[in-house]
Amino acid sequence: MLGIVAAVLFFFAFLINAADIGTNNVFSSTNVMLLGLTALALHVAGIGAGWASRNRR
């Protein structure tokens with residue numbers, strides 16, 4: 001799930017950069033890209049990968 005979030009954030013960062021949209025400092029393309037990298041790192045670490053079911057005995 002976080003991998004999809006990272007892809008969407010990277011796409012928004014690309015659009016902000018490609019269209020040269022003037023945004024405030026919070027939503028600059030660099031900050032959106034860093035949020036995407038954070039989500040991707042959490043996904044690779046296994047956080048947010050999906051629901052884990054416990055074995056029932």
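Of the 57 residues in the protein, 12% are buried. The model is a predicted one. Its accessible surface comes to about 4900 Å², and carbon and sulfur atoms account for 65% of that area. The secondary structure consists of two helices and zero strands.

The two helices are set out below.

| Helix | Residues | A residue placed in or just after the helix |
|---|---|---|
| α1 | 2–18 | Phe-14, in the helix |
| α2 | 29–44 | Gly-46, just after the helix, phi of about 100 degrees |

**Helix α1 and the nonpolar patch**

Phe-14 lies in helix α1. Its relative accessibility is 52%, and because the cut-off for exposed is over 50%, Phe-14 counts as exposed. Phe-14 also contributes to a nonpolar surface patch of about 600 Å², together with Ile-4, Val-8, Phe-11, Phe-12 and Leu-15.

**Helix α2 and its buried side**

Helix α2 contains 16 residues. From its first C-alpha to its last, helix α2 reaches 22 Å, close to the 22 Å expected at 1.5 Å a residue. Which residues of α2 are buried? They are Ser-29, Val-32, Gly-36 and Ala-39. These residues cover an arc of only 90 degrees around the axis, and they therefore lie on the same side of α2. Against which element do the buried residues of α2 pack? Their packing partner is α1.

Just after α2, Gly-46 adopts a positive phi of about 100 degrees.

In summary, the buried residues of α2 pack against α1, while Phe-14 of α1 is exposed and forms part of the nonpolar surface patch.

Definitions and conventions:
Residues numbered from 1 in each chain as written. Predicted model: local features only at pLDDT ≥ 70, side-chain atom pairs only at ≥ 80, totals over all residues. Heavy atoms only, no water. Helix = DSSP H or I, 4+ residues; strand = E, 2+ residues; numbered from the N terminus. Buried < 20%, exposed > 50% of the residue type's maximum accessible area, 1.4 Å probe, protein only. Areas by Shrake-Rupley, 256 points an atom, 1.4 Å probe, with all protein chains shown as cover. Patch = residues over 30% accessible without salt bridge, like charges linked within 9 Å, V, L, I, M, F, W, Y side chains within 5 Å. Salt bridge = Lys/Arg side-chain N within 4 Å of Asp/Glu carboxyl O. Expected span 1.5 Å × (residues − 1). Arc of directions from axis to C-beta. Contact = heavy atoms within 4.5 Å.
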